[in-house]
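Visitor: I should like a close look at a single part of this model. Please take one helix and its surroundings.

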Amino acid sequence: MTSRREFIAGCVSAAFVGGAGGRDHVRPCPGAYYESYLEAMAARIRANAVTCDVGFWFLTDPHVKTNHRQSGVVCADLIGRTGIRRVLCGGDLVEAFGKGYPTDRDAVDFAIGTFREQWVKPLRAADGMLYCAKGNHDFTVRHSMDTADGLRGFTYSGAEARRHIVESWTETDVTTNANDPSGCYYFFDDASAKIRFIVADTTDSERAGDVAWGVAYGVHDTQLAWLAETAFGTLPVGYDVVVMHHIPVVGVVGSEGDVQNFANLRDLLEGYQKRAVVRIGGRVFDFSRAQGRILLDLTGHMHAERQTFQSGILHVTEPCDAAYFDYILGSAPWCGNLPEKKGGTVYEQTFDAVQIAKSRKYVRFTRVGGGQDRVIHLEPRVVRVGETLRFEPSFFGGDTTFACYNGDRIGFRPNPGNRWNPFVVYGTDFAEISATGVLAARKPGPVIALAMDANRNKEIFPVTVVA
């Protein structure tokens, strides 16, 4: 195996790196300005591994070429420093709009080739193991956001998307649906940690003849049945589950419109977690004898850091790796003033080390790039209306600020400066929390409580308020 320093010094010393403006230039991979940052990051991750059962990297929404294109080599560096080899990619490799390329197809082809060269190859050279989900921009692009120009675009077929995402970039130790040649969904097992990773596809249908937007949001019955009967249905005794897909299926982490599109996938996940009998797509699935629990439902798409706990499942959506500004407002207010993703700084990229402690019932997220670390507890505390709970954080020290918000949905307020990037509004009518960490329950519903240190590192507690 190539050593980390040999790899850093040689393999990618001439990596192409483009800024958000789209201009390409050649410059070396991370130099001295990264060294102390990455070693401090790796030291925290190595310390966390002592109490965690499994760790992996999660990167999503690169949107090439609106990306500084350092996350592949940075993640490869961290693989060498930490020994965490698995890398999960949440999809959306292509820019939203292809204007500026010779043709719309060139926008898609550029993203495919760049991701292969600047993510897949560096990660494999560092002995990393890559697993990719399909996003709504994989592989489709509109020409521009203007109505007239937006009628132009380009989309590869589902079979072509699978050829890249599953058959070329994803590791070969996955189980796929042999009866679905365009299916970009699969699962793989970590036998040592006894965790099954299930990767779903939230844009598994094509819009026939639609060149401007050739993929449809949704999960068709063929995939749902395979997920229920094979991915979940064959889970070994003693195993738990991590689910990854691109578009979120519940409020707070997702938009209301998307949530409606994925009611069937949400019903499947919640039915499994509740050991229920559910009817989905005209079929009945009996999960009364289901094995294990869904520990985490991990997504991208929203370009923001958000989390909620609904119907027994922790849902987390992660910020984009692309050099967009929307990750700043979209993650507000719990992340403070996030930095702009400037080239030549440690904030060029955004991804996380995710480490799960099954027996201790929490998940750790260590941020690489702009943002902070989080610890999220996996079991909700239950409180009745009119009662109180006191929170005593144990993971981050120093001055602590407390906050809470409704865990079922969020609102949006128009942003006069950018119609694509509205302000997020969180509700607080289910509960309130004092400056000393005492939560008072007001109305039945899911609540997320946060304890933040002076640097906005967060310990997050799910709460269920009952009548």
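Against which helices and strands do the buried residues of H8 pack?

Guide: This is a predicted model, in which local features need pLDDT of at least 70, side-chain atom pairs count only at pLDDT 80 or more, and totals for chains, interfaces and linings use all residues. Residues are numbered from 1 along each chain as its sequence is written, and side-chain values use heavy atoms, with hydrogens and water left out. The mean pLDDT (the predictor's confidence in each residue, from 0 to 100) is 91 for the protein.

The buried residues of H8 pack against helix H6 (221-231), strand S13 (240-244), helix H7 (256-261), S14, strand S16 (294-299) and strand S18 (313-317). Helices (H or I, at least four residues) and strands (E, at least two) are DSSP runs, numbered from the N terminus. H8 itself covers residues 263-274, twelve in number, and spans 16 Å from its first C-alpha to its last, close to the 16 Å expected at 1.5 Å a residue; that expected span is 1.5 Å times one less than the number of residues. Buried in H8 (under 20% relative accessible area, 1.4 Å probe, protein chains only) are Leu265, Arg266, Leu268, Leu269, Glu270, Gly271, Tyr272 and Gln273. Just after the helix, Arg275 adopts a positive phi of about 60°.

Strand S14 (residues 277-280), one of the packing partners, pairs with S15 (residues 283-286) in the antiparallel sense over four bridges; pairing requires that DSSP find at least two bridges between the strands. Ile280 has Arg283 in S15 as its bridge partner. Two residues separate S14 and S15 in this hairpin, and Gly281 in the turn has a positive phi of about 60°.

Terms used. Buried means under 20% relative accessible area, exposed over 50%, partly exposed in between (1.4 Å probe, protein chains only). Contact means heavy atoms within 4.5 Å.
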